Amino acid sequence: VGAVPHHLPVEADQQLEKKSPKKVYTKEQIYSLVWNEAYFGDENAVNVHISRLRNKIEDDSRSPRYVVTVWGIGYKLGEMP
């Protein structure tokens, strides 16, 4: 497994939004889409990058509106600005 980049590519958000804007994505799906690598259970990598993304785009990262957690499943895109 290669090194995990320190940022999410802009294309990742665009890919997810184009595929299905209201779809819930598992962490495995996000990992594979963003890094083009097989997912080997590195859930923390996705969590860290989602957290960093929220800190950049959310008004209140503790109550996210744009990247929403679907507990037990993964994440989905919320309302867009």
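**A first walk through the chain, starting at Lys27**

Hi everyone. Let's begin with one residue: leaving aside residues up to four places away in sequence, Lys27 touches Tyr39, Glu43, Val46, Asn47, Ile73 and Tyr75. Please keep in mind that this is a predicted model.

Where does Lys27 sit? It is found in helix α2, which covers residues 27-35. Is Lys27 buried or exposed? Its relative accessibility is 17%, and buried means under 20%, so Lys27 counts as buried. One of the residues it touches is Asn47, and the side chains of Lys27 and Asn47 are joined by a polar contact of 3.0 Å.

Now let's step back to the whole chain. There are three helices and three strands, and from the N terminus on they run α-β-α-α-β-β. Of the 81 residues, 26% count as buried. If you take the contacts in the chain with a separation of 6 or more, 45% of them are between residues 24 or more positions apart.

On to the strands. What is their order in the sheet? It is β1-β3-β2, in an open sheet with antiparallel pairing. That leaves β1, residues 25-26, and β2 as the edge strands, each pairing on one side only. Two bridges join β1 to β3, and here Tyr25 has Tyr75 in β3 as its bridge partner. On the other pairing, β2 (residues 67-70) and β3 (residues 74-77) are antiparallel over four bridges, with Val67 partnered by Leu77 in β3. These two strands form a hairpin with three residues between them, and in the turn Gly72 has a positive phi of about 80°.

While we are on positive phi, have a look at Asn36. Most residues other than glycine have a negative phi. Asn36 is not a glycine, yet its phi is positive, at about 50°. You will find Asn36 in the loop between α2 and α3. With a relative accessible area of 68%, Asn36 is exposed.

Next comes helix α3. It has 15 residues and reaches 21 Å from its first C-alpha to its last, close to the 21 Å expected at 1.5 Å a residue. Which residues of α3 are buried? They are Ala45, Val46, His49, Ile50 and Arg54. These residues cover an arc of only 160° around the axis, so they lie on the same side of α3. Over on the other side, Asn44 and Asn55 are exposed. And what do the buried residues of α3 pack against? The answer is α2, β2 and β3.

That brings us to the core. In soluble globular proteins, nonpolar side chains tend to be buried together. Here, the largest nonpolar core has eleven residues in all: Tyr25, Ile30, Tyr31, Val34, Trp35, Tyr39, Ala45, Val46, Ile50, Val67 and Tyr75. Helices α2 and α3 each supply at least two residues of this core, and the largest share, four residues, comes from α2. For one link between helix and strands, take Ile50: not counting residues up to four places away in sequence, it touches Val67 and Tyr75.

To close, back to Lys27. Among the residues it touches are Tyr39, Val46 and Tyr75, and those names also appear in the list for the largest nonpolar core. Thanks for listening, everyone!

Technical notes: Residues numbered from 1 in each chain as written. Predicted model: local features only at pLDDT ≥ 70, side-chain atom pairs only at ≥ 80, totals over all residues. Heavy atoms only, no water. Buried < 20%, exposed > 50% of the residue type's maximum accessible area, 1.4 Å probe, protein only. Polar contact = N/O pair within 3.5 Å; in protein donor to acceptor, adjacent residues only side chain to side chain. Contact = heavy atoms within 4.5 Å. Pairing = 2+ DSSP bridges. Core = buried A, V, L, I, M, F, W, Y, C linked by side-chain atoms within 4.5 Å. Expected span 1.5 Å × (residues − 1). Arc of directions from axis to C-beta.
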